[in-house]
Amino acid sequence: MPEWMQVDLPVSEFGWHDEVNLVFARGMGLDVLAEGLRGLRREPLVSGEGNGWVWVVHDMLNAGIEDFDPVSYGELGTAGELVVFVTEPCSAKAHPPHFEYYRDGRLITWFSFEDLTQRPGDNPDYLSAELLEAKLIGPGSECERDGQDGHDCFDHHYEDHDRIVRAVAGFFALPSPPLSPGVTAA
């Protein structure tokens, strides 16, 4: 997970873990986003606003009521945009982070950080130009040293995640870190 998406120690001290989702919303107020998440049984941990976006970090799961299902962000409303980073969908099983983008309650595009070629949604190619420019998909996206003696492509795995986040954040002009005292800046 990119460093600026990691929850900092002050949040961890209150008993929360690093399996959190980071949700940015435009076209709805912070109070509307927070109430919507509460309606989906996810309590905001930290929140803020910047660059025309509001944002909330919340626990991925709600173990207190044994709710381990993914959050249905499309239910948050029919107006506005949501950019979602699911930072560790299941760290114990080594599932990679993923990205979701909703507009007016509809999933526009979604992709796993592990496989950017599979992008379901109403417009799977919504971010293709940005992903191409960052050499995350298409020509030049493969590791030039793959298969060479002693090279392990996993050595730059997290750098690739950081490039994904930067491409998405740049495209949407998301607020820059630090988001709050509870979220680490790179």
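Buried means under 20% relative accessible area, exposed means over 50%, and partly exposed is what lies in between. Keep that handy for the exercises below, which all work on a predicted model.

**Exercise 1. Sort the two rings of a pair by burial**

Task: Phenylalanine 171 and phenylalanine 172 form an aromatic pair. Which class does phenylalanine 171 fall into, buried, partly exposed or exposed? And which class does phenylalanine 172 fall into?

Solution:
- Step 1. Phenylalanine 171 has a relative accessible area of 32%, so it is partly exposed.
- Step 2. Phenylalanine 172 comes in at 3%, so this one is buried.
- Step 3. Now the geometry: the ring centres of phenylalanine 171 and phenylalanine 172 are 4.8 Å apart, with 85 degrees between the planes, and the pair is edge-to-face.

**Exercise 2. Classify a second ring pair**

Task: How many aromatic pairs does the structure hold, and what kind of pair do phenylalanine 85 and phenylalanine 99 make?

Solution:
- Step 1. The count is 11 aromatic pairs.
- Step 2. For phenylalanine 85 and phenylalanine 99, the centres sit 5.9 Å apart and the planes meet at 50 degrees, so the pair is tilted. The cut-offs at work here are under 30 degrees for stacked and over 60 for edge-to-face, with the rest counted as tilted.
- Step 3. Place the rings in the chain: phenylalanine 85 belongs to strand E4 (residues 81–86) and phenylalanine 99 to strand E5 (residues 98–103), so the pair links distant parts of the chain, 14 residues apart.
- Step 4. Check burial: phenylalanine 85 and phenylalanine 99 are both buried.
- Step 5. Zoom out. Ring pairs tie these rings into a cluster made of Phe24, Trp53, Phe85, Phe99, Tyr101, Phe111, Tyr126, Phe171 and Phe172.

**Exercise 3. Trace a salt-bridge network**

Task: Start at glutamate 35 and follow the salt bridges. Which residues are linked in the network?

Solution:
- Step 1. Glutamate 35 forms a salt bridge with arginine 38, and their closest N and O atoms are 2.9 Å apart.
- Step 2. Both glutamate 35 and arginine 38 sit in helix H2 (residues 30–39), 3 residues apart, about one turn of the helix.
- Step 3. Arginine 38 also meets glutamate 43 in a salt bridge, at 3.0 Å from N to O.
- Step 4. Put together, Glu35, Arg38 and Glu43 form a network of salt bridges.
- Step 5. Look at accessibility: glutamate 35 is at 49%, so it counts as partly exposed. Arginine 38, at 36%, is partly exposed, and glutamate 43, at 44%, is partly exposed too.

**Exercise 4. Find a bridge between separate elements**

Task: Where in the chain do arginine 106 and aspartate 122 lie, and is arginine 106 buried or exposed?

Solution:
- Step 1. Arginine 106 and aspartate 122 form a salt bridge, with 2.6 Å between the closest N and O atoms.
- Step 2. Arginine 106 is in strand E6 (residues 106–112), while aspartate 122 is in the loop between E6 and helix H3 (128–133); the pair links distant parts of the chain, 16 residues apart.
- Step 3. Arginine 106 has 51% relative accessibility, so it counts as exposed. Aspartate 122 has 46%, so this partner is partly exposed.
- Step 4. For the full tally, the structure has 7 salt bridges.

**Exercise 5. Lay out the sheet**

Task: What is the strand order of the open sheet, and which strands are at its edges?

Solution:
- Step 1. The 6 strands run in the order E2-E3-E1-E4-E5-E6, with antiparallel pairing.
- Step 2. The edge strands are E2 (44–50) and E6, each of which pairs on one side only.
- Step 3. From one strand to the next, the twist averages 15 degrees.
- Step 4. Take E1 (residues 20–26): 6 bridges join this strand to E3 (residues 53–59), and the two run antiparallel. Valine 23 has valine 56 as its bridge partner in E3, and valine 20 has aspartate 59.
- Step 5. E1 and E4 also run antiparallel and are joined by 6 bridges. Here leucine 22 has phenylalanine 85 as its bridge partner in E4.
- Step 6. Finish with E1's cover: 6 of its 7 residues are buried.

Key:
Residues are numbered from 1 along each chain as its sequence is written. This is a predicted model: local features need pLDDT of at least 70, side-chain atom pairs count only at pLDDT 80 or more; totals for chains, interfaces and linings use all residues. Side-chain values use heavy atoms; hydrogens and water are left out. Rings of Phe, Tyr and Trp (its six-membered ring) pair if their centres lie within 6.5 Å; planes under 30 degrees apart count as stacked, over 60 as edge-to-face and the rest as tilted. Helices (H or I, at least four residues) and strands (E, at least two) are DSSP runs, numbered from the N terminus. Buried means under 20% relative accessible area, exposed over 50%, partly exposed in between (1.4 Å probe, protein chains only). A salt bridge is a side-chain nitrogen of Lys or Arg within 4 Å of a carboxyl oxygen of Asp or Glu. Two strands pair if DSSP finds at least two bridges between them. Axes are lines fitted to C-alpha atoms, for helices over the stretch in contact, and angles run from 0 to 180 degrees between N-to-C directions.
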